[in-house]
Amino acid sequence: MILHVRAVEAKDLPKMDVIGKSDPFLTFRINVSKETYKTKFIKQTLDPKWNEEFHIPVPNQDCVLHVELLDMDKVSANDLISTRDFELNHFKVGEVYEDWYHFFKAPGVDKPGSVYLVFHLANNGDTPFVRKQ
């Protein structure tokens with residue numbers, strides 16, 4: 001099984017840097033794996049547009065996808081803005097789900113922002129992001 005994820009964009013992000021805005025990026029990790037997938041970071045914006053795709057192998061539908069929205073920091077550790085977990089057993093195999101998802105803000109953060117994501121839990125060999133007929 002493969003979880004296809006398209007990280008499209010985010011909006012309403014908090015200003016995380018003292019000077020400027022934020023340098024946001026996303027990370028994706030399946031709870032039973034050490035592998036982490038990352039978008040590129042977008043400099044100085046509160047409304048990033050990534051339009052990046054990831055194809056994450058999953059052993060079964062009992063897994064959870066953990067997503068983090070972070071602010072890139074070159075000098076210190078990256079700042080966590082917000083997170084959200086997606087239980088894969090809520091996705092029907094072959095269906096495509098796309099929406100603005102509200103995340104849960106990290107401690108000390110004003111607001112979590114919203115992230116537009118597309119999910120497609122598919123069998124190996126299925127065309128990504130195409131609904132199975």
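This section describes the overall fold, the sheet and one loop residue of a predicted model.

The chain contains 9 strands and 0 helices. Its succession of elements from the N terminus is accordingly written β-β-β-β-β-β-β-β-β. With a radius of gyration of 15 Å, close to the 14 Å that the globule rule gives for 133 residues, the chain is as compact as a globular protein of that length. The C-alpha trace spans about 50 × 25 × 20 Å along its principal axes. Buried residues make up 41% of the 133 in the chain. The accessible surface of the chain amounts to about 7300 Å², and carbon and sulfur atoms account for 50% of this area. When contacts between residues at least 6 apart in sequence are considered, 61% of them join residues at least 24 apart.

An open sheet is formed by 4 strands, arranged in the order β4-β1-β9-β7 with antiparallel pairing. The edge positions are taken by β4 (49–57) and β7 (96–102); each has a single partner strand, so one side of each is left without a neighbour in the sheet. From one strand to the next, the twist averages 20°. In general, the strands of a sheet pair through backbone hydrogen bonds, in either a parallel or an antiparallel manner. At one edge of the present sheet, β7 is joined to β9 (residues 114–122) by 7 bridges, and these two strands run antiparallel. One residue pair can be named within this arrangement: W100 has Y116, in β9, as its bridge partner.

Outside the strands, T45 was examined in its local setting. This residue lies in the loop that connects β3 (37–38) with β4, the latter being an edge strand of the open sheet. Despite this loop position, T45 has a relative accessible area of 15% and is therefore buried, the limit for this class being under 20%. The T45 side chain reaches the backbone nitrogen of D47 at a distance of 3.0 Å. Apart from neighbours within four places in sequence, the residues in contact with T45 are K21, S22 and P24. The surroundings of T45 thus include the polar approach to D47 as well as contacts with K21, S22 and P24.

Key. Residues numbered from 1 in each chain as written. Predicted model: local features only at pLDDT ≥ 70, side-chain atom pairs only at ≥ 80, totals over all residues. Heavy atoms only, no water. Pairing = 2+ DSSP bridges. Axes fitted to C-alpha atoms, helices over the stretch in contact; angles between N-to-C directions. Rg over C-alpha atoms; globule rule 2.2 N^0.38 Å. Buried < 20%, exposed > 50% of the residue type's maximum accessible area, 1.4 Å probe, protein only. Contact = heavy atoms within 4.5 Å. Areas by Shrake-Rupley, 256 points an atom, 1.4 Å probe, with all protein chains shown as cover. Polar contact = N/O pair within 3.5 Å; in protein donor to acceptor, adjacent residues only side chain to side chain.
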